[in-house]
Structure formats: structure tokens, C-alpha cells
Amino acid sequence: MHDSDSDIEGLHARIAALEAELTALRRTQSIFALGLSHDLRTPLRAVESFSYLLEQRADTLDPQATDYLHRIRDASARMAHLLARLQTWMQASHATPAHDTVDVSMLADWCIAELRDTADRDADVDIAADLQCIGDERLLRTALQELLHNAWSYARPDARVSIRIEGERTHDGFHLRIHDAGIGIDPACAGKLGEPFQRAHVAEHPGTGLGLAIARAVAERHGGTLHLDNAATGGTIAHLHLPETS
């Protein structure tokens, strides 16, 4: 056997070993995701239930005990929200995307309609017509929900919400851009945006730090990328690229 043949066989064996390690890692992460939805939520539900029962007897508690009880309920609510967000991130990170034609303009319309229903301020939104890509509609809707929620949430408090959504399909895939006129990205945080639990402007927007991580996970499951940068005219541009597949 020639040395080159031996090298190729060794390379194939290494690739097979790495694939096996990756499969095992994904299985471990899937088990962890299942634990989030069941094992970790069970004791949390118990805390919420018993604290609720105690709250019904608040007239028998002194003011300090009542304050402690409210803190417990607030903390358990935040933890429940965090677990739900973690589960969404894990699901997005391990989903097997479909490869269908997706009407991105329609998905963006849905997401904006949901934001208008729940937000206490209106917005000027411009969505380009006939934006279409190849991908998984459910996952891409999740990514758009996260990106548009960010664009809405980071609007300047003294100005009207303004969002523009545009994109095109080219030889190398689909490029989507979401422009906002918000407060922009803190340069100190820019390199970490999209990583779990990394947040910009923490004091003003105390979220879970998982929104962009969820959107990036969706992009990566499609073999694509997501990055954000500050626009020259102010605000932020989210760039979502999905490779062309059919």
C-alpha cells in the first residue's frame, strides 16, 4: 500500500471519528433540551404553585415576608421565561430544515402584525415585495420574529419606530437586510452579538440574551450566516445570508 493510500484511509477514519463525536454531542444536547422542558420545569412549577398559595394568605404575613414572596414569584417567572427561551434556542440549533420556497415578505408581515398587536407604540415599516428564499418556513419565521423584535425594542425612545426590510436572491443565495433607526450597537459588544447570553445595553434592555443566538442558530442550520453592524446613517442593519439550495 502506498503512503498516499494510507494517508487517505487515515483521513477517512479521522472524519468518521469526528462525525461520531458530533453525533454524540448532538444527542447529549438533545437530552439536555428535553431536560429543560421537563425535569427543570417540574420543580419550578412547584415553586410557582406553592408561592401562589402563600400569596392568597398575604393578609397573615408581615410586610417583609410579603415582599420576599413577591420576589420569589418574580424570580420564578423570569426563570420560566429563560427556560422557554433556552428550549427555543436548543430546538433551533438541532432542527433539520426543510428546503421549500418561502415567502419572506409574507413572514415579515406576520411578524410585524404580531408586534403591532402587543407593543404600545406604532411603527413605520417598509417590507419589500416578493422576497423569496429556499428554506424552512417555521424556522425562518422564528428568526424573523427575533430580528424584528430586536429592531422594534431597540428603537430610540424619543423617535418613531422605523424598520425597512429588503433583500435579493443572487447566484450564491438569498441576502436579507433588516434596517432599523434605533440606538445602534455598542462597539464593545459587537463581536459577541449572536452568542448565547451576550447582550448589548443590558441596563436599558434586560432580556435573556438569546434572541440573536436563536436567529443565528436558524441561519447556521440552513448553512448560512447572520451578522449585525451599525448603519452609516444611524441604527442597525441585520444581514441574514442563506445559501441557494433546491
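**Entry 1: Glu-220 and its partner**

I looked up Glu-220 in this predicted model and found a relative accessible area of 47%, so I recorded Glu-220 as partly exposed. I then asked which residue forms a salt bridge with Glu-220. The partner is Arg-216, and the closest N and O atoms are 3.6 Å apart. I noted that Arg-216 is partly exposed, at 26% relative accessible area. Both residues belong to helix α7, which spans residues 211-221. Because they are four residues apart in that helix, about one helical turn separates them.

**Entry 2: Salt bridges between elements**

I looked up how many salt bridges the structure holds, and the number is 10. I examined the pair Arg-141 and Glu-114, whose closest N and O atoms are 2.5 Å apart. Arg-141 is located in helix α5, whereas Glu-114 is in helix α4 (residues 104-118), so this salt bridge ties together parts that are 27 residues apart in sequence. I recorded a relative accessible area of 25% for Arg-141, which is partly exposed. Glu-114 is also partly exposed, with a value of 33%.

I turned next to Glu-166, which forms a salt bridge with Arg-177. Here the closest N and O atoms are 3.3 Å apart. I found Glu-166 in strand β4 (residues 161-170) and Arg-177 in strand β5 (residues 173-180), so the pair ties together parts 11 residues apart in sequence. Glu-166 has 23% relative accessibility and counts as partly exposed.

I also noted a network of salt bridges that links Arg-116, Asp-122, Asp-124 and Arg-160.

**Entry 3: Cysteines**

How many disulfides does the structure hold? I found zero disulfides. I looked up two cysteines, Cys-111 and Cys-133. Cys-111 is buried, at 2% relative accessibility. Cys-133 is buried as well, with a relative accessible area of 1%.

**Entry 4: Thr-142**

I located Thr-142 in helix α5, which covers residues 137-153. Is Thr-142 buried or exposed? Its relative accessibility is 17%, and buried means under 20%, so I entered Thr-142 as buried. I then listed what Thr-142 touches, leaving out residues up to four places away in sequence: Thr-88 and Ile-214.

**Entry 5: Ser-76**

I found Ser-76 in helix α3, which runs over residues 63-94. Ser-76 has a relative accessible area of 6% and is buried. Which residues are in contact with Ser-76, once neighbours within four places in sequence are left aside? I recorded Leu-44, Val-47 and Glu-48. I also looked up the separation of the C-alpha atoms of Ser-76 and Ala-46, which is 9.9 Å. These two residues are 30 residues apart along the chain.

**Entry 6: Helices α2 and α3**

I reminded myself that two packed helices are described by the angle between their axes and the distance between the axes. For helix α2 (residues 41-55) and α3, I noted an angle of about 155° and axes 10 Å apart. Angles over 145 degrees count as roughly antiparallel, so I described α2 as roughly antiparallel to α3. The crossing of α2 past α3 is left-handed.

I then asked which residues meet where α2 packs against α3. On the α2 side I listed several, including Arg-41, Leu-44, Val-47, Glu-48 and Tyr-52. Among the residues they meet in α3 are Leu-69, His-70, Ile-72, Ser-76 and Gln-87.

Notes
Residues numbered from 1 in each chain as written. Predicted model: local features only at pLDDT ≥ 70, side-chain atom pairs only at ≥ 80, totals over all residues. Heavy atoms only, no water. Helix = DSSP H or I, 4+ residues; strand = E, 2+ residues; numbered from the N terminus. Buried < 20%, exposed > 50% of the residue type's maximum accessible area, 1.4 Å probe, protein only. Contact = heavy atoms within 4.5 Å. Salt bridge = Lys/Arg side-chain N within 4 Å of Asp/Glu carboxyl O. Disulfide = S-S within 2.5 Å. Axes fitted to C-alpha atoms, helices over the stretch in contact; angles between N-to-C directions. Parallel < 35°, antiparallel > 145°, perpendicular 65-115°, else oblique. Left-handed = near helix turned anticlockwise from the far one by under 90°.
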